[in-house]
Structures are given as structure tokens and as C-alpha cells.
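Below is a walk through one protein model, from a single helix contact outward to the core and the loops. Please keep the coordinates open while reading.

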Amino acid sequence: MSIKLNKNRNIEYLLNKYETKQPGEIWNKRREKKEGKSAWNMKQKIRIAKIMMGRLNINGGADKERILYIIQDIGDFKELCRNCSVEMVIATICFYVMKSNLSKIKLADYKVFKENKLTEKTCLTLITKMCDFYQKNL
């Protein structure tokens, strides 16, 4: 039996496609037992972070790894802020990493932060809560 693959789609792409939930696909018990809802949520957060990093021109490998590490380490964003969306928390983490590298960065200079309704007050609150999270979990 021979399998014909489109040259544009490699095997890794197809494996990843069939391992993750696709739009319109029903979440069933078998899949939930296999990978769990929390694993799927983490994949979504990482996917959102990669899109946001691309829009913010975060190209450095160390910066990308640092952002992804913080996202995976925190896990449940509701511990940081109950009223904040996932995108808002990820945008704050990206801003924190960018600000630690270059102190001249402002929220108003980037469209991504405006789209996610990230204000200085919200950003300061989330960064403070991230610091508290790391102090408690050391």
C-alpha cells in the first residue's frame, strides 16, 4: 500500500494536524482521556503566543523560549487575573520580556497591545501578580 503525500505537506504537519483538535471537531471522551483538556488549552496558549510574538517581531530564540517557559510554568492564567483574557495575559508576558531587554518600549507604540485592551494599569497589575506567583512557588 503506497501513500501519496502532497509535496507541500510534510509528515510532521499531518501528524500535528491529526493530533490536535480541528475547527468543528467534537471533543469526545476518548480524546479527553488521551491528552486532556488542559493539554489542549496549553497548546492553544502556545499557538496564540507564537502569533503574538510574530506580530511583535520577537525573533530572538532566547526571548521566545523565555515567553513560552513563563506561559507553561504559570499554566492557569485565572490565578493571575480572573477578569483578563488569555490574550491579555500573553500580551503582558510579551511586553515584560520586551521591556526587560529594551527599557524604551511603550505600550502605545504597538497595535497588538491596543487590540487586546492592555493598559498600563492592567499590565502593572499582571506583572506584579506574576512576581507574587514566582515568590510563592519558589
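**Helix packing, core and loops**

Y69, I70, D73 and I74 of helix 4 meet M130, F133 and Y134 of helix 7, where contact means heavy atoms within 4.5 Å. Helices (H or I, at least four residues) and strands (E, at least two) are DSSP runs, numbered from the N terminus. The model is a predicted one, in which local features need pLDDT of at least 70 and side-chain atom pairs count only at pLDDT 80 or more, while totals for chains, interfaces and linings use all residues. Residues are numbered from 1 along each chain as its sequence is written, and side-chain values use heavy atoms, with hydrogens and water left out.

The contact of helix 4 with helix 7 divides into six nonpolar residues, no polar and one charged. In this count Ala, Val, Leu, Ile, Met, Phe, Trp, Tyr, Cys and Pro are nonpolar, Asp, Glu, Lys and Arg are charged, and the others, Gly among them, are polar.

Two packed helices are described by the angle between their axes and the distance between the axes. The axes are lines fitted to C-alpha atoms, for helices over the stretch in contact, and the angles run from 0 to 180 degrees between N-to-C directions. For helix 4 and helix 7 the angle is about 65° and the axes are 12 Å apart. Helix 4 is therefore roughly perpendicular to helix 7; angles under 35 degrees count as roughly parallel, over 145 as roughly antiparallel, 65 to 115 as roughly perpendicular and the rest as oblique. Their crossing is left-handed. A crossing has that hand if the near helix is turned anticlockwise from the far one by less than a right angle, and is right-handed if clockwise.

Helix 4 also packs on helix 5, at an angle of about 140° and with the axes 10 Å apart. That angle makes helix 4 oblique to helix 5. The crossing of this pair is right-handed. On the helix 4 side the contact is made by D63, R66, I67, I70 and I71, and on the helix 5 side by I90, I93, C94, Y96, V97, S100 and N101. By class, these residues are eight nonpolar, two polar and two charged.

D63 can be looked at in more detail. This residue of helix 4 is partly exposed, with a relative accessible area of 22%. Buried means under 20% relative accessible area, exposed over 50%, and partly exposed in between (1.4 Å probe, protein chains only). Apart from neighbours within four places in sequence, D63 is in contact with I58, V97 and N101. Its C-alpha lies 9.4 Å from that of M53, a residue 10 positions away in sequence.

M53 also takes part in the packing of helix 3 on helix 5, along with K45, I48, A49 and M52 of helix 3; the helix 5 residues are V86, E87, I90, A91 and C94. Here eight residues are nonpolar, none polar and two charged. The helices pack at an angle of about 50°, with their axes 10 Å apart, and are therefore oblique to each other. Helix 3 and helix 5 cross in a right-handed sense.

What lies inside these contacts? The largest nonpolar core has 35 residues, and L56, I67, I71, I93 and F113 have the most contacts inside it. Such a core is a set of buried Ala, Val, Leu, Ile, Met, Phe, Trp, Tyr and Cys residues joined through side-chain atoms within 4.5 Å. At least two residues each come from helix 3 (37-55), helix 4 (61-74), helix 5 (86-101), helix 6 (111-115) and helix 7 (120-136). Helix 5 gives the largest share, nine residues. F113, leaving aside neighbours within four places in sequence, touches L56, A91, F95, M98, L107 and L118.

Two loop residues have unusual backbone signs for their type. N57, in the loop between helix 3 and helix 4, is not a glycine, yet has a positive phi near 55°. N57 is exposed, with a relative accessible area of 59%. K117 is in the loop between helix 6 and helix 7 and has a positive phi of about 55°, although it is not a glycine. K117 counts as exposed at 65% relative accessibility.

Over the whole protein there are seven helices and zero strands, in the pattern α-α-α-α-α-α-α along the sequence. Buried residues make up 34% of its 138 residues. Of the contacts with a separation of 6 or more, 59% are between residues 24 or more positions apart.
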